[in-house]
Structure formats: C-alpha cells, structure tokens
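Thanks for coming. I have a few slides' worth of notes on one structure, so please have the sequence and the coordinates open.

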Amino acid sequence: MKKKVVVAMSGGVDSSLTAALLLEKNFEVVGVTMKLKDNFSGEIDDAAKVAEKLRIKFYVVDFREDFRRDVVNYFSDEYLLGRTPNPCVMCNKKIKFGKLFEFAQNLGADFLATGHYAQIIFEDGRFKLKKAVDAKKDQSYVLYNLSAEQLGKILFPLGRFSKSEVRNLAEKLNLPIARKKDSQEICFVPNDDYKTFLKNLAPGADALQAGDIEDVSGKILGRHCGFANYTIGQRKGLGIAAENPLYVVKIDAENKKIIVGKNDETFSKSLTAKNIHWIYKPDFSKIFQAKIRYGFKTAECKIFEEENFLTVEFLEKQRAITLGQSIVFYDGDEVAGGGVIEKVF
C-alpha cells in the first residue's frame, strides 16, 4: 500500500518539484495550498496548475486568521517593541508545522513534505535535522522548533539538491512554474517594504514617531523617523553626518532613542535567550556552533542552562546580536535546538 504524503504547495518551483519527486518515488501525493492572505489567487492558481499536471488531489485551506494572529501580528508587535522579529521561524512553528501538520494528519497522511532546503536523516537510533547539502540555500535555521517526534513524519526532498539542480529538474519534468522567480523574502509584506507595511498597520504607534539619534556618550547627532524602522548593525539610512561610519548599536525603545557607535561597538560577547526549544537535549559541557541570524555564519559558543533561559558565551565577539532574532545551536551539521534572543552583553 502506498504511503500518503501531503505536500505544502505554494505555487513556486521548490514545492512543486517536491510534489513531483515524491510522486516519482511512488507516494500517494496530495497537494495543499495554504491561503494566508486575501490577495493570494495567483499562488493558488499556479499550485493548482502543477497539481493538474501531476494528476494529484489538491486542496486549498484557509489559514488567514491564524496567519494574521500568529505571524503578522507577532511581526508588527515585535518591531513596535524595538525588536527585530523572524516571521519565517514563527510561520514554520505555528502554521506549516502546526496547523498544516495537523491538517495532514487529519487527512490520514503518513508524512507532510515541504520544499525546505534541509535534511532529516535517521542515525544512531533517532531522526536528526541537518543542514542542506547546498550551504547557500540551507534553511535548517528556521526549522529549529520541530520536535523529535515530528521529524519522523516530515520529508524534505530538496535537502540534497542545489537551487540550480532544482530548476533543471523542474524544467526536465515540464512543470508549468519551472522558470518562475523565487518569492520575496517576507511573503506578506508588499515589495519587501516593511516600513510602509508597519505605517499602514499601526499608523499612530509610538515606535513610528520621530526621536533622537545619540552616540554612545549621549550626544544628540540627529533625528530618526521611528525606532521600529531600524535594526542593530544598520549603517545606511541614518541621515547623519560624521567623520567615521556609524552603526546602530542599540534601540532604546523606552526613551524612543537610536544609539549609534563605531563598528567595533556593534560586537558583543554574550547573550541570554528565552523560549528555548530542544529537538534533543545536548551535553552542555561541549562547545557548540550557534547562528544568531539567518544567513550568518555559525560561531563557537558555550551554553549555560538557567531556570527559564540560557546564557550563551561566544568564544569570539559577534557582530550585531539582535533582540527578537533566533539563536540556533548546531552540533556539527545537526540542529540541536534554539531560542529567542532577549538580552545582549
């Protein structure tokens, strides 16, 4: 009897090829597109065309309310607190591997598959979440909230491919979206312009009101257009003149100030993290590699477990550690777990 797999189909190349590859491996494939926003007809149409081409069952599930509450509102709330959120982490936790995972199980599926670039490998008697073969496309960072139990019920067929290989395979299979461009970074923010998005969402918020830009000694250098429009390590768009390049080193939300300094003042040695999730509980006596932002390189660190949080000390100072971003811990190429950055020292 064929194993049934639900494939999350966004209408893009990655998820479409995922469905095609699993069909070739003799799975019973069911395509599902999540409706996450009002103007989503184009994505649904593209996914439906691929499903028709592959001759598979296809569903559209309306998760707009859940997505707005758990992802969009979280995104705006964090920025309005002077933090920098990661909506992809939250979407994976609450929507793709929350609501959609539940939907797949209710359909009687053996697996849920997505087009993520990551690998799930069974080793040493357990399933492990590992980095993708293509380091440039690796998305394991945004998947650290998966549970050990879920790993045995999830498939990531693209984890062993590069993006160019995925494109080539999609063309060979004559998938109708083979040449479709990749989607923007934040799927619900038009033109990737989060500043305008926030203004439309919360026009009167304190975080969007003007305030002072100060250097680390407290000297006023200029005015900012709302602290929600800045992030740690930012250089461009400050609108101030100085002899040396200046960077955002702190966002003082309480006093509506942006603090700037030299590049070396953006570096920190340690942090605390909350909302910790472990795929497997590690041995804290060893040295780990940690990634403090998607696209950043991993850095060696020591982890100290406290009652409700972790303290992380890096062997070398790290640039632009940012409140609200996730820190993800790796044991070699395996994801052990992660949490949300709360304080920086």
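**Sheet and two backbone outliers**

Three bridges join strand E8, residues 211–215, to E11, and the two strands run parallel. One residue pair to look at here is Ile 213 with its bridge partner in E11, Ile 258. Before I go on, note that this is a predicted model.

Now the sheet around that pair of strands. It is an open sheet of four strands in the order E9-E8-E11-E10, and the pairing is mixed. At the edges are strand E9, residues 220–224, and E10, each of which pairs on one side only. On average, neighbouring strands of this sheet are turned by 30 degrees against each other, ignoring direction.

Next, the backbone. Most residues other than glycine have a negative phi. Which residue in the loop between strand E10 and strand E11 should we look at? That is Lys 256; the loop runs between E10 at 247–252 and E11 at 257–261. Lys 256 has a positive phi, near 55 degrees, and is a residue other than glycine. Is Lys 256 buried, exposed or partly exposed? Its relative accessibility is 31%, so Lys 256 counts as partly exposed.

The other case is Asn 26. Its phi is positive, about 70 degrees, although Asn 26 is not a glycine. As for its place, Asn 26 is in the loop between helix H1, residues 13–24, and strand E2, residues 28–35. Asn 26 counts as partly exposed because its relative accessibility is 48%; the cut-off for exposed is over 50%.

That is what I have; I'll take questions.

Definitions and conventions. Residues numbered from 1 in each chain as written. Predicted model: local features only at pLDDT ≥ 70, side-chain atom pairs only at ≥ 80, totals over all residues. Heavy atoms only, no water. Buried < 20%, exposed > 50% of the residue type's maximum accessible area, 1.4 Å probe, protein only. Pairing = 2+ DSSP bridges. Axes fitted to C-alpha atoms, helices over the stretch in contact; angles between N-to-C directions.
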